[in-house]
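User: I am new to this structure and would like to understand how its labels are earned. Could you take me through the reasoning behind some of them?

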Amino acid sequence: MSEWKRETRRGKAAPGLAVLSAVLGAAMLTAAFPAGALAAEGGWQQDGTGWKYIQESGAPVAGGWSRIGENWYWFDGQGYMKTGWLTDEGRTYYMEENGAMAVGWREIGGNWYYFHEDGAMNTGDVTLGETECRFGVDGVFKSATRVENTGGGAFRVGCYDEMTQALFDQLNEEKTEEYFEEYSEREDEYDGDMKRSYDRNATFQVYEDLNRAAMHRLEAAGASGYTNGSIPGEGTVSDYLKSISYGSGRNAMELYLQNCEDDSDAYDKFRSKMMDRYDQKADRKYLPEYYRKIGIAHREEGGKHFFLIIMLR
């Protein structure tokens, strides 16, 4: 909702940034507490039930939304700050552990969600910059692809950390280059008809189910080992995908990139593995352009980076 609507619903102006009057003891200063907690005569106060925000009048903020500092909070009728999921006027919000309203991408309970600038959880399809994202009716992130007819190349995926995003950018740039080398006429012949797509397969499509599969395989490889594309007790990526009834009949490629210095080192190892196999077998399945879907997992250990990439035709 807009700030105007929030102000109107409360029937008064949102509080400004509270002025510190005394700092709570060090034991109170934890990440779970609202930033800028105040002494007992005003501001943030905690009792055995939860947190309240006491106004200058001595009365707690209560009965809905209030802006305090740079964040929005929600208080119940007794003035207690809300945390966790919140439904208000048919819209869903998430209040952080410190009570602040979540905005942007958040991982909650193992799922990824996107919250708009007004805090409302997104459902269905939404375009974020150059990225077309799909979410379920429950708000859970499903997939992402680059907006069509924009020339391909890198695009942002909100669930990826900085290192994974940087590697993904390089993979997409390579895939786009390969695609237009093979289909150079498609861009030249495009006449602006939005019912057609000249670059639909010029970039990867990210699927959260594949990201999860990649993370499972990455953790299993770290725990049990990885030899010739197989994990003891689990088998190859095709074996695993079949066991979870995903991507049945599709050609799959998996690459485990170990002990990488950074995303550039990981990309170099990716290219080396793919090109070595292509040189040996001259099979298109060893070219990134051959694949459509992708999932990537990343972890850091001992200053080194480990990635596992799953690609599906």
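User: What makes Phe115 count as buried?

Analyst: This is a predicted model, and in it Phe115 has a relative accessibility of 0%; buried means under 20%, so Phe115 counts as buried.

User: Why is Trp85 called partly exposed?

Analyst: The relative accessible area of Trp85 is 36%, and because partly exposed covers what lies between under 20% and over 50%, Trp85 takes that label.

User: Why is the pair of Trp85 and Phe115 called tilted?

Analyst: Their ring centres are 6.1 Å apart, with the planes at 40°; stacked needs planes under 30 degrees apart and edge-to-face over 60, so this pair is tilted. Trp85 belongs to strand β5 and Phe115 to strand β8, 30 residues apart, and the pair thus links distant parts of the chain.

User: What makes the pair of Trp44 and Tyr53 edge-to-face?

Analyst: The angle between their planes is 75°, with 5.1 Å centre to centre, and since edge-to-face applies over 60 degrees, the label follows. Trp44 is buried at a relative accessible area of 2%, and Tyr53 is buried at 7%.

User: How do you know that the buried residues of α6 line one face of the helix?

Analyst: The buried residues of α6 are Asp263, Ala266, Tyr267, Phe270 and Met274. Looking down the axis of α6, these buried residues fall within an arc of 100°, so they line one face. They pack against α2, β13 and β15, whereas the face turned away from the buried side carries the exposed residues Asp279 and Gln280.

Conventions. Residues are numbered from 1 along each chain as its sequence is written. This is a predicted model: local features need pLDDT of at least 70, side-chain atom pairs count only at pLDDT 80 or more; totals for chains, interfaces and linings use all residues. Side-chain values use heavy atoms; hydrogens and water are left out. Buried means under 20% relative accessible area, exposed over 50%, partly exposed in between (1.4 Å probe, protein chains only). Helices (H or I, at least four residues) and strands (E, at least two) are DSSP runs, numbered from the N terminus. The arc is that of the directions from the helix axis to the C-beta atoms. Contact means heavy atoms within 4.5 Å. Rings of Phe, Tyr and Trp (its six-membered ring) pair if their centres lie within 6.5 Å; planes under 30 degrees apart count as stacked, over 60 as edge-to-face and the rest as tilted.
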